[in-house]
Amino acid sequence: MELGLDIQWMMGNASNNPEMVEISGVDAAVGTFITTEPLPQDLEYPEAEQFVADFEEAYDEPPASVWWLLAAEAFNVIAHAIEATGSTETDVLAEYLHTEFADYPGLSGPILGFDEKGDRLGTIHVLYQIDAEGNIALNPEQPGAGGEEEMMEHDGEALVAERCTVCHTIDRIEAAEKDEAGWTETVDLMIGNGAELNDAERAAVIDYLANR
Ligand code: HEC
C-alpha cells in the first residue's frame with residue numbers, strides 16, 4: 001500500500017539493518033537518515049579492526065548491521081565483569097558495571113562506564129544515510145564534527161557523570177546554578193579537592209556546566 005508520504009525520514013538504530021531496505025525497496029528508503037552506534041568497519045580503533053577481520057574470516061562478509069557488534073560487545077563486557085569480580089551473581093555483576101567499570105577498550109571504541117540506569121556514558125551515535133544503491137552509508141558530515149563546541153558538550157556531560165560523582169552525588173551539581181566564572185571557580189576548587197581532570201577535560205566540563 002502507498003501512503004504517498006514525501007517527507008524526510010529519520011530513524012533510530014533498530015533500522016540500521018539491510019533488511020529494512022530489502023523490505024521497503026531502495027526507492028522508498030533512499031535518503032533516509034539513521035542515527036546509530038557506528039558499524040565497526042567505520043571505526044579506527046584496533047579492537048574494531050580486529051573484530052571486522054575476525055568476523056570476515058568466520059562469515060566471509062563484513063558485519064552488515066550494528067547488532068552483531070553490540071551483541072559481541074555485551075558478551076565481552078559481561079565476561080570482563082565476571083573476571084574482575086570473580087563472580088557470576090547477577091547482582092554482583094550489575095553493581096560492578098554500574099559503579100567500578102570504567103575506561104574499557106570496547107569494540108565500538110572506549111567505554112567510559114555505565115550510569116545507574118545502565119546506559120553507556122557519553123554518546124557514540126553517528127549519522128548514516130541510505131544511498132542510491134540502498135547501502136547504509138556513513139554520512140561524510142557528522143553533526144557536531146564541524147562545531148567543536150557541540151562535541152565538547154557531549155564530552156563534558158559524560159565527564160561530569162563520571163568524574164564529579166566520586167565524592168558526592170550528581171544532585172549537588174544539578175542543584176547549583178552558576179555562570180561560566182562561577183563554574184570555573186567551583187571546578188578548580190573540586191580539582192583542588194581531588195577531582196581528576198586534565199586541561200581539555202576541565203574546559204569541556206566548565207563549558208557543559210555553564211551552558212546546560
Ligand atoms: C575528591 C572529591 C570531589 C570530587 C571528585 C568532586 N567534588 Fe564537588 N565537592 C566536594 C566536597 C568535599 C564538597 C563540599 C565542600 C566544598 O564546598 O568544597 C563539594 C561540593 C560541591 C558543590 C557544592 C558547593 C558549590 O560550590 O556550589 C558543587 C556544585 C560541586 N561540588 C561540584 C563538583 C563538580 C562539578 C565536580 C567535577 C568537576 C566535583 N564537584 C567533583 C568534593 C568533590
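**Asp60**

I began with Asp60 in this predicted model, asking whether Asp60 is buried or exposed. I counted 7 C-beta neighbours inside 10 Å, and because residues with 12 or fewer such neighbours are classed as exposed, Asp60 counts as exposed. I then placed Asp60 in the chain and found that it lies in the loop between helix 3 and helix 4 (66-85), directly following helix 3. Its phi caught my attention, since the angle is positive, at about 60°, although Asp60 is not a glycine.

**Helix 3, just before Asp60**

I next checked the length of helix 3 (residues 46-59), whose 14 residues should span 20 Å at 1.5 Å a residue. Its end C-alpha atoms are 20 Å apart in the model, so the span agrees with what is expected.

**Asp103**

I looked up Asp103 as well, a residue other than glycine with a positive phi, near 50°. I found Asp103 in the loop between helix 5 and strand 3 (104-106), and it is exposed because 10 other C-beta atoms lie within 10 Å.

**Ile78**

I turned to Ile78, whose place is in helix 4. With 14 other C-beta atoms within 10 Å, Ile78 is partly exposed. I also took the separation between the C-alpha atoms of Ile78 and Ala161, which are 83 residues apart along the chain, and it came to 22 Å.

**The sheet**

I asked in what order the strands of the open sheet are arranged. The sheet has 4 strands in the order 1-2-5-6, and the pairing is mixed. Strand 1 (10-11) and strand 6 (136-138) are the edge strands, each of them pairing on one side only.

I noted for myself that strands of a sheet pair through backbone hydrogen bonds, either parallel or antiparallel. Here, strand 1 and strand 2 run parallel and are joined by 2 bridges, with Phe33 in strand 2 as the bridge partner of Met10. Strand 2 (residues 33-36) and strand 5 (residues 126-130) run antiparallel and are joined by 4 bridges; on this side, Thr35 has Leu127 of strand 5 as its bridge partner.

I then followed the side chains along strand 2, and they alternate: Ile34 and Thr36 point to one face and are buried, whereas Phe33 and Thr35 point to the other face and are not buried. For comparison I wrote down that in a regular strand the side chains alternate between the two faces of the sheet.

**Around the ligand**

I asked which residues come nearest to the ligand. Of the 18 residues around the ligand, they are Cys164, Cys167, Met190, Gly194 and Ala195. Helix 6 (148-163), helix 7 (171-174) and helix 8 (180-193) are the elements that give two or more residues to this shell, and helix 8 gives the most, with 5 residues. I sorted the shell by residue type and obtained 12 nonpolar, 4 polar and 2 charged residues.

**Helix 9**

I checked helix 9 (residues 199-211), which has 13 residues and reaches 18 Å from its first C-alpha to its last, close to the 18 Å expected at 1.5 Å a residue. Within helix 9, I recorded Glu201, Ala204, Val205, Ile206 and Leu209 as buried.

**Confidence**

I looked at the confidence of the prediction before relying on these entries, and the protein averages a pLDDT of 88, with 94% of the residues scoring at least 70. Among the elements, helix 5 (residues 90-99) has the highest mean pLDDT, 94, and helix 6 the lowest, 70. Over residues 145-153 the pLDDT is below 50, and this stretch has 7 contacts in the model beyond near neighbours in sequence. I keep in mind that where pLDDT is low, the predicted coordinates should not be read in detail.

**The whole protein**

I closed with the overall picture, in which the protein has 9 helices and 6 strands and its C-alpha atoms fill a box of roughly 60 × 45 × 30 Å along the principal axes. Of the 212 residues, 18% count as buried. I also looked at contacts with a separation of 6 or more, and residues 24 or more positions apart account for 55% of them.

Conventions. Residues are numbered from 1 along each chain as its sequence is written. This is a predicted model: local features need pLDDT of at least 70, side-chain atom pairs count only at pLDDT 80 or more; totals for chains, interfaces and linings use all residues. A residue is near a molecule or strand if its C-beta atom, placed from the backbone, lies within 6 Å of it. Ala, Val, Leu, Ile, Met, Phe, Trp, Tyr, Cys and Pro count as nonpolar, Asp, Glu, Lys and Arg as charged, and the others, Gly among them, as polar. Two strands pair if DSSP finds at least two bridges between them. The expected span of a helix is 1.5 Å times one less than its number of residues. A residue is buried if 20 or more other C-beta atoms lie within 10 Å of its own, exposed if 12 or fewer, and partly exposed in between; C-beta atoms are placed from the backbone. pLDDT is the predictor's confidence in each residue, from 0 to 100. Two residues are in contact if their C-beta atoms, placed from the backbone, lie within 7 Å.
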